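Q: How does one read strands, helices and pockets from a set of atoms? Please work through an example.

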Amino acid sequence: MTQSLSGQRRAETRLDPGTRGGPVVVVGAGPYGLSVAAHLRAAGVEVRVFGEVMGSWRHSMATGMFLKSTPAATDLSAPVPGGRLADFCRAAGEPELTELTPIPCETFVRYGMWFTQRYVGTVETSRVTAVERCGVGFAVRLEGGGEIEAAAVVVATGLATFAYIPGALLPLAPGGPGPRAVLSHTSQHTDLSEYAGQRVAVVGGGQSALESAALLHEAGADAEVLVRDARVRWGVRPKLQRPWGQRLAAPASPLGTGWALAAICGAPGAVRRLPAAARMQLFRRALGPSGGWWLRERVEGVVPVRTSCRVERAHRSGAEVHLRVGGAGGGPADHVVDHVLAATGYRLDVDALPFLAAPVRRAVGRVPGSQAPRLSGAFESSVTGLYFTGSLAAPMFGPMLRFVAGTEFAARRIAGRLARQGPRR
């Protein structure tokens, strides 16, 4: 029995529990999902991709934001030459990007859409509502009632599901955070100009906090940044030409300069073989919160930044928000604002993926000290045929997987495994 889905191929609704048939299903159409799909299709593996192309970059980034990564660390992984960001810029007649050129998010989105047309093909926008075990494969249910049989599933979703807000702030939005509430997370915004004329407290000290504060200020909001650490860290302006001695002492890598970063970027597979405690230490501390070098002049001396402080309590009084802020700089102080923007990062947790059926989530082994999935060298979880990539793989393979720079390693590993054992077109 089959069911026709609008704008899609026919989907099987009766599954054979004795065989591992069907395509590979990729859930997510961001940099990692697109890169994996491109390699699978080039290898002749039947694959179906579900999601909105570059959806997180289109809907979880405020207008006017730039990528923190340099152009050389922002390439999606194509199975053949010609799919780099620089290739897109040449094809689109756009100016050449260098390490001194911050990349607008809009440019990166257009690059992702160009990459999709060239290497991936059809991406289906139907939302995956459930992934369940069915025999040796999976039943993948779609919004609207469709269901397909999948030989394997690759989870390549964005970070929005894992948005973290400290408990002290949550009482501000009992109905849930969002742009219409007095509390929101940076991942929930595409336009910060709606806060023009309002007092906004930005909580956090990394790139999203600092860039959001700059955008708020430039849009006419009265913004202030509350940073837990003792100081704000800024990136260093790159040097296009470095003497060989400097290159030897501090080799370049996609994540910055230095032997430590070069090692973890050059050998993510070796990172996986480290003891779990060492991997988690590396994941949490290799790259602390910081702002891009090009952003500094838009924040320092422009937007008030308070360091060594922590929000201890928060409550509403009418339309106003009262924050009790304590820290090393003195006794607790009250801040009165109209909105609180949490730029407090993400907490990786397989249980936060609503489309994975509860029995599947429970069967996924976790990295000790984390709720991220434990993965094989080919990114396969303890559930045979279920793969995770992108940030969810960073506690296993190192911090490069938190960035676009990790797509090459991940896509080749996953596609290589599935091409050897998966169904063919």
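The turns below take up a strand, a helix and a pocket in this predicted model.

Q: Is strand β10 enclosed or open to the outside?
A: In a regular strand the side chains alternate between the two faces of the sheet. Here β10 spans residues 199-203, and four of its five residues are buried, so the strand is largely enclosed by the rest of the structure.

Q: Which strands pair with β10, and in what sense?
A: β10 pairs in the parallel sense with β11 (residues 222-226), over five bridges. Within that pairing, Arg199 faces Asp222 of β11. Between β10 and β11 the chain passes through helix α5 (residues 207-218), in a right-handed β-α-β crossover. β10 also runs parallel to β18 (residues 339-342), to which four bridges join it. There, Val200 has His339 as its bridge partner.

Q: How should α1 be read, by its span and by its burial?
A: An α-helix has 3.6 residues a turn, so residues three or four places apart point the same way. α1 (residues 31-42) reaches 17 Å from its first C-alpha to its last, close to the 16 Å expected. Because 11 of its 12 residues are buried, α1 is largely enclosed by the rest of the structure. The buried residues include Pro31, Leu34, His39 and Arg41.

Q: What lines the second largest pocket?
A: Rolling a probe the size of a water molecule over the atoms shows where empty space is left. This pocket holds about 260 Å³ of space. Its lining has 15 residues, with Pro71, Ala86, Glu96, Leu97 and Thr98 nearest the centre. By class, the lining has eight nonpolar, one polar and six charged residues.

Conventions
Residues numbered from 1 in each chain as written. Predicted model: local features only at pLDDT ≥ 70, side-chain atom pairs only at ≥ 80, totals over all residues. Heavy atoms only, no water. Buried < 20%, exposed > 50% of the residue type's maximum accessible area, 1.4 Å probe, protein only. Helix = DSSP H or I, 4+ residues; strand = E, 2+ residues; numbered from the N terminus. Pairing = 2+ DSSP bridges. Right-handed = clockwise from strand over helix to strand, strands pointing away. 1 Å grid on protein atoms, 1.4 Å probe; cavity = no way out; pocket = protein on both sides within 12 Å on 5 of 7 lines; lining within 4 Å. Points joined across faces, edges and corners; volume = space filled by probe spheres on them. Nonpolar A, V, L, I, M, F, W, Y, C, P; charged D, E, K, R; others polar. Expected span 1.5 Å × (residues − 1).
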